[in-house]
Amino acid sequence: MHEINDTLLLKNLIEHYDLSSWFDTPNLPFQLFEYAAGEMLNILHPSEHYLKFLVKGELRCFTIQEDGTYYQYYQGSDFAFLGDVEFCGYHYEHHWHEAVQKVWCIELCLEHCRESLWQDLSFLKHLSKKLAASVYSSAHTLNNHVMTVEQQVINYLKYAAPNGEFQGVDRLANQLNCSRSQLQRVLRTLTTQGLLEKKSKGIYHLTFPTSF
């Protein structure tokens, strides 16, 4: 991990992702950090002390439970906000934020602005939306436990995947917490049934809205 000391680059990224709309507080001390593949963001910069905005690269978030069970709850390269739960005073144990490839994050060190942000209406609105989305996602995940893998795949493509399409069997298997071989069997079945179209290696598309 290292800081990227490029004021113009940081300014352009803040404008590109419209981060200014997140805050009413002026002159916040934004910094830009780069993490190498394999580095744990929340170890190097704990989420209790830093708000992070993913602006480049791919990140995965997972937990390892006491029985050794591995559960991945996020992987993506889209813009993402990390640190909402910790800002509110809660702490995840055994949760890890790992850079899958080189990652850039715009960050705020809370040592310098925590109290200001508690009075910042725009930030609190965004925080509320993020927390609500997390609760909704958790409820959706619990519902997935009573679905078949076939149902989970269709549900994911209908409601979560951009344009009803995904790329990467391994990534989707991690997302749905099933094995690669199990997912491949399901994909073959759904493709044979005409519910999915295989566009190229590892890329599948939902052919039309459907239900189980």
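## Rings and cores: worked exercises

Ring pairs join Tyr17, Trp22, Phe23, Phe30, Phe53, Phe79, Phe81, Phe87, Trp118 and Phe123 into a cluster. Keep in mind that the model is predicted. Let's work through it.

**Exercise 1. Work out what kind of aromatic pair Trp22 and Phe53 form, and where the two residues sit.**

*Solution.*
- Step 1: Start with the two numbers that matter. A pair of aromatic rings is described by the distance of the centres and the angle of the planes.
- Step 2: For Trp22 and Phe53, the centres are 5.1 Å apart and the planes make an angle of 85°.
- Step 3: Planes over 60 degrees apart count as edge-to-face, so Trp22 and Phe53 are an edge-to-face pair.
- Step 4: Now find them on the chain. Trp22 is in the loop between α1 and β2, while Phe53 is in strand β3, so the pair links distant parts of the chain, 31 residues apart.
- Step 5: Trp22 and Phe53 are both buried.

**Exercise 2. Do the same for Phe53 and Phe79, then decide for each ring residue: buried or partly exposed?**

*Solution.*
- Step 1: Here the centres are 6.0 Å apart and the planes differ by 15°.
- Step 2: Planes under 30 degrees apart count as stacked, so that is the label for Phe53 and Phe79.
- Step 3: Phe53 belongs to strand β3 and Phe79 to the loop between β5 (70–76) and β6 (80–82), so this pair ties together parts 26 residues apart in sequence.
- Step 4: Check the cover. Phe53 has a relative accessible area of 0%, so it's buried.
- Step 5: Phe79 comes in at 30%, so it's partly exposed.

**Exercise 3. Find which residues have the most contacts inside the largest nonpolar core, and which elements supply it.**

*Solution.*
- Step 1: The largest nonpolar core has 23 residues.
- Step 2: Those with the most contacts inside it are Phe23, Phe30, Leu32, Leu51, Ile106, Leu117 and Phe123.
- Step 3: At least two core residues come from each of α1 (7–16), β2 (30–35), β3 (50–56), β8 (103–109) and α5 (121–144).
- Step 4: Zoom in on Phe30. Leaving aside residues up to four places away in sequence, Phe30 touches Leu10, Ile14, Phe23, Ile106, Glu107 and Leu108.
- Step 5: Don't stop there: a second, separate core has 19 residues, including Ile154, Phe166, Leu176 and Leu190.

**Exercise 4. Put the whole protein chain in view: how many helices and strands are there, and what share of residues is buried?**

*Solution.*
- Step 1: The protein chain has eight helices and eleven strands.
- Step 2: Of its 212 residues, 40% are buried.
- Step 3: Among contacts between residues at least 6 apart in sequence, 70% join residues at least 24 apart.

Note on methods
Residues are numbered from 1 along each chain as its sequence is written. This is a predicted model: local features need pLDDT of at least 70, side-chain atom pairs count only at pLDDT 80 or more; totals for chains, interfaces and linings use all residues. Side-chain values use heavy atoms; hydrogens and water are left out. Helices (H or I, at least four residues) and strands (E, at least two) are DSSP runs, numbered from the N terminus. Buried means under 20% relative accessible area, exposed over 50%, partly exposed in between (1.4 Å probe, protein chains only). Contact means heavy atoms within 4.5 Å. A nonpolar core is a set of buried Ala, Val, Leu, Ile, Met, Phe, Trp, Tyr and Cys residues joined through side-chain atoms within 4.5 Å. Rings of Phe, Tyr and Trp (its six-membered ring) pair if their centres lie within 6.5 Å; planes under 30 degrees apart count as stacked, over 60 as edge-to-face and the rest as tilted.
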